[in-house]
Amino acid sequence: MENEITTPNTNTESAPKKRMLSGIQPSGDLHLGNYLGAIKNWADRVNDYECYYFMADLHTITVRQDPATLRKRSLNQLAQYIACGLDPEKNVLFLQSHVPAHAQLAWVLNCYTMFGELSRMTQFKDKSAKHKDNINAGLFTYPVLMAADILLYQADYVPVGEDQKQHVEITRDIAQRFNSIYGDVFKVPEAFIPKAGARVYGLTTPGDKMSKSIPEGCVFIMDSPDEIARKFKRAVTDSDTEHCVRFDRENKPGVANLMNIYSAITGESFEEIEREFDGMGYGAFKPKVGEAVIEHLRPIREEAERLMADKAYLNEVYKNGAERASYIANKTLRKVYKKVGFYQLP
Ligand code: TYM
């Protein structure tokens with residue numbers, strides 16, 4: 001059956017809803033960290049906020065990308081967003097490069113951001129250590145583009161995982177600096193970080209966040225059930241003698257990570273999980289977490305596969321999303337251009 005979309009209702013007649021905005025880079029396949037740290041949190045709140053979610057393709061080229069793969073991922077990621085519960089009728093879903101105002105505002109904000117504050121960004125330090133042969137200016141000014149993404153939409157909240165908190169903080173600083181010169185141009189946004197799932201660690205490296213760069217310990221949302229089961233079976237647990245399921249981030253990081261994942265998926269508290277697995281060892285716990293993840297992701301994967309085959313529908317969602325997003329973004333950009341003194345034609 002063909003999928004149909006209508007224009008999202010982003011203007012209600014009653015009190016205006018608060019606005020949420022966030023994005024994910026289509027630089028790799030979506031994984032459990034992206035899902036639990038970000039997308040699930042977005043989808044759970046769709047009825048209470050006016051929501052803008054995008055694929056941050058401009059950000060991806062700070063690291064070299066294969067052009068054909070980037071194009072393909074940009075479309076597949078949209079299918080995966082929708083399959084994760086982001087209904088295009090209720091959320092404005094778009095591709096960052098389809099809305100030129102992001103790059104335009106980023107230039108202006110570059111001139112209101114200090115070299116010193118960008119130098120302190122941990123993501124810049126990490127990424128420049130990882131890509132020593134390509135420490136480009138875009139990697140350095142990445143947070144300014146992210147600030148533009150957020151401020152263009154006058155977003156109230158930015159739902160992200162913990163690793164992006166620093167970028168939301170610099171966005172607030174830039175907005176406040178600009179506002180202090182020109183008046184209230186930008187809404188100063190707040191990061192919105194989920195309790196469970198805020199930081200999912202790699203299954204094989206419970207000291208590092210789950211990331212596509214360590215694929216053995218990274219569960220992708222499109223992984224087959226067998227693959228997910230295998231990854232959880234090989235999850236690193238801890239070498240303590242106690243061997244029981246108890247939340248202790250410092251001394252039992254592997255088990256704590258599995259508990260965090262299980263809690264984010266099932267909604268159970270850590271105490272409830274400890275009770276459920278009382279008397280069972282890690283060997284029994286690991287596959288149980290795997291099973292919960294497999295069953296949770298199964299309908300998402302199936303729906304994403306169905307949508308990925310419907311390119312016409314995905315193109316239409318993107319077209320519609322870009323129009324809706326541009327309307328708001330251009331309004332902010334015009335205001336900024338006027339404030340800084342760019343001459344405007346009558
Ligand atoms: P990105 O693409 O690295 O990650 C997207 C989202 O997934 C979250 N996340 C995680 N959460 C928990 N555990 C993990 N292991 C994990 N890995 C990733 C991230 O916190 C993020 O919420 N700069 C952003 C993309 C971006 C953006 C924006 C976000 C560009 N412009 C404007 C919000 C608003 C990034 O690289 O996220």
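Which residue has a backbone N or O atom that lies 2.8 Å from an oxygen atom of the ligand? In this predicted model, the residue is Gly161, and the legends below begin with the surroundings of that ligand.

**View 1. Polar contacts of the ligand with Gln25, Gly161 and Gln164.** The side chain of Gln25 places an N or O atom 2.8 Å from an oxygen atom of the ligand, whereas Gly161 approaches a ligand oxygen through a backbone N or O atom, again at 2.8 Å. Gln164 contributes a polar side-chain atom, which lies 3.0 Å from a nitrogen atom of the ligand. Taken alone, the ligand exposes 710 Å², and the protein buries 96% of that area.

**View 2. The pocket that holds the ligand and the elements around it.** The space taken by the ligand is the largest pocket, and the elements that give two or more residues to the surrounding shell are β1 (18-24), α1 (32-43) and α7 (137-151).

**View 3. The shell of 27 residues that surround the ligand.** Gln25, Tyr142, Asp149, Asp163 and Val200 are the closest of these residues to the ligand. By residue class, the shell divides into twelve nonpolar, eleven polar and four charged residues.

**View 4. The protein chain in which the ligand site is set, with its 13 helices and five strands.** The radius of gyration of the chain is 21 Å, close to the 20 Å that the globule rule gives for 346 residues, and the chain is therefore as compact as a globular protein of that length. Along the principal axes, the C-alpha atoms of the protein chain fill a box of roughly 75 × 50 × 45 Å.

Terms used: Residues numbered from 1 in each chain as written. Predicted model: local features only at pLDDT ≥ 70, side-chain atom pairs only at ≥ 80, totals over all residues. Heavy atoms only, no water. Near = heavy atom within 4 Å. Polar contact = N/O pair within 3.5 Å; in protein donor to acceptor, adjacent residues only side chain to side chain. Areas by Shrake-Rupley, 256 points an atom, 1.4 Å probe, with all protein chains shown as cover. 1 Å grid on protein atoms, 1.4 Å probe; cavity = no way out; pocket = protein on both sides within 12 Å on 5 of 7 lines; lining within 4 Å. Sits in = over half its atoms within 2 Å of the grid points. Helix = DSSP H or I, 4+ residues; strand = E, 2+ residues; numbered from the N terminus. Nonpolar A, V, L, I, M, F, W, Y, C, P; charged D, E, K, R; others polar. Rg over C-alpha atoms; globule rule 2.2 N^0.38 Å.
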